[in-house]
Each structure stands twice: as structure tokens, then as C-alpha cells.
Amino acid sequence: MPRRYDEPVEVAASPDALSAFIWRGRLYAVRSVVDRWTERRSWWQDPTGAPRAGERTVWRVEASAGRLAGTGVYDIGLDTDLAADAPTWTLLRVQD
């Protein structure tokens, strides 16, 4: 069952690939990209109440926090908000 987080993450990425991300101070190495899709942002779901526009690219990746750690499936979103200065990365969901 997936758990929702919606927490900011730092991501090492190129336009075509994700290689790693830092979540809660821990480095996760991306083992493989499972899927990638683009979705339209819902402005009414912004927690601060500010209207948002733009799109979110979601990457579903298999990643682990080390060679001996188990692999998990993570959904990471790249928001291209028209009102923001720079794109932001968010950990959306973790699947067990």
C-alpha cells in the first residue's frame, strides 16, 4: 500500500534520468526508472491556498539507501509551476 508524503527532496538528475535523491538527510541511489508521466497540476489542491498552474512530471523509481538496504518504489514529482522561480522536486509516495 502506498504512503503519501509530499515532502521536498534534493535530486541529482539529467533531462532523461534520475540517479539519486536525498530524503530526510539520507541518500537514495536510483536502481531503475519504472515509469515516467506528466500530469496537470490541480490548483485547488495547493495546501497554502495559492493558485498554482503548470505541470508535474512524476518519476516512479526503484531506489535503495545502500547496497545492503532493501529496494523500494518511490514516486518523485518535478513541479514546473508558472509562479515559481525554479522547478521543485517532491517525494510524493512510497510503496512497500
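The following legends describe close-up views of a predicted model.

**View A. A salt bridge joins Glu7 and Arg24.**
Glu7 and Arg24 form a salt bridge whose closest N and O atoms are 2.7 Å apart. Glu7 belongs to strand S1 (residues 2-8), whereas Arg24 sits in the loop between strand S3 (17-23) and strand S4 (26-40), so the contact ties together parts that are 17 residues apart in sequence. Arg24 counts as exposed, at 60% relative accessibility. The pair belongs to a total of five salt bridges found in a search of the whole structure.

**View B. Arg60, Asp75 and Arg93 are linked in a network of salt bridges.**
Asp75 takes part in two of the contacts shown here. With Arg60, the side chain of Asp75 meets in a salt bridge of 2.7 Å, N to O. This pair links distant parts of the chain, with Arg60 in strand S5 (residues 54-64) and Asp75 in strand S6 (residues 72-81), 15 residues apart. With Arg93, Asp75 forms a salt bridge in which the closest N and O atoms are 2.9 Å apart. Arg93 lies in strand S7 (residues 88-95) and Asp75 in strand S6, so this second pair ties together parts that are 18 residues apart in sequence. Asp75 has a relative accessible area of 0% and is therefore buried, the limit being under 20%. Arg93 is buried as well, whereas Arg60 is partly exposed, with a relative accessible area of 22%.

**View C. Asp79 and Arg56 are joined by a polar contact.**
Asp79 is found in strand S6. The side chains of Asp79 and Arg56 are joined by a polar contact of 2.7 Å. Asp79 is buried, its relative accessible area being 2%.

**View D. The surroundings of Thr57 in strand S5.**
Thr57 has a relative accessibility of 18% and counts as buried, because the limit for that class is under 20%. Leaving aside neighbours within four places in sequence, Thr57 is in contact with Arg36, Trp37 and Thr38, and also with Ile76, Gly77 and Leu78.

**View E. The largest nonpolar core has 15 residues.**
The residues with the most contacts inside this core are Phe21, Trp23, Val61, Tyr74 and Ile76. At least two residues of the core come from each of S3, S4, S5, S6 and S7. Trp23 illustrates the contacts of one such residue. Not counting residues up to four places away in sequence, Trp23 touches Tyr5, Glu7, Pro8 and Val9, together with Tyr28, Tyr74, Leu91 and Val94. Glu7, listed among these contacts, is also the salt-bridge partner of Arg24.

**View F. Tyr5, Phe21, Trp23, Tyr28 and Tyr74 form one aromatic cluster.**
A search of the whole structure finds five aromatic pairs. In the pair of Phe21 and Tyr28, the ring centres are 5.0 Å apart and the planes lie at 5 degrees, so the arrangement is stacked. Phe21 also pairs with Tyr74, and this pair is edge-to-face, with 5.4 Å centre to centre and 65 degrees between the planes. Phe21 lies in strand S3 and Tyr74 in strand S6, so the edge-to-face pair ties together parts that are 53 residues apart in sequence. Phe21 is buried, with a relative accessible area of 0%. Tyr28 is likewise buried, at 9%, as is Tyr74, at 8%.

**View G. Strand S3 pairs with S2 and with S4.**
Strand S2 (residues 10-14) and S3 run antiparallel and are joined by five bridges. Within this pairing, Glu10 stands opposite Ile22 in S3. The two strands form a hairpin with two residues between them. S3 and S4 also pair in the antiparallel sense, over four bridges. Ile22 has Leu27 as its bridge partner in S4, so that Ile22 is flanked in the pairings by Glu10 and Leu27. S3 and S4 likewise form a hairpin with two residues between them, and Arg24 in the turn has a positive phi of about 55 degrees. This turn residue is the one that forms the salt bridge with Glu7 in View A.

Definitions and conventions: Residues numbered from 1 in each chain as written. Predicted model: local features only at pLDDT ≥ 70, side-chain atom pairs only at ≥ 80, totals over all residues. Heavy atoms only, no water. Salt bridge = Lys/Arg side-chain N within 4 Å of Asp/Glu carboxyl O. Buried < 20%, exposed > 50% of the residue type's maximum accessible area, 1.4 Å probe, protein only. Core = buried A, V, L, I, M, F, W, Y, C linked by side-chain atoms within 4.5 Å. Contact = heavy atoms within 4.5 Å. Polar contact = N/O pair within 3.5 Å; in protein donor to acceptor, adjacent residues only side chain to side chain. Phe/Tyr/Trp six-rings, centres within 6.5 Å; stacked < 30°, edge-to-face > 60°.
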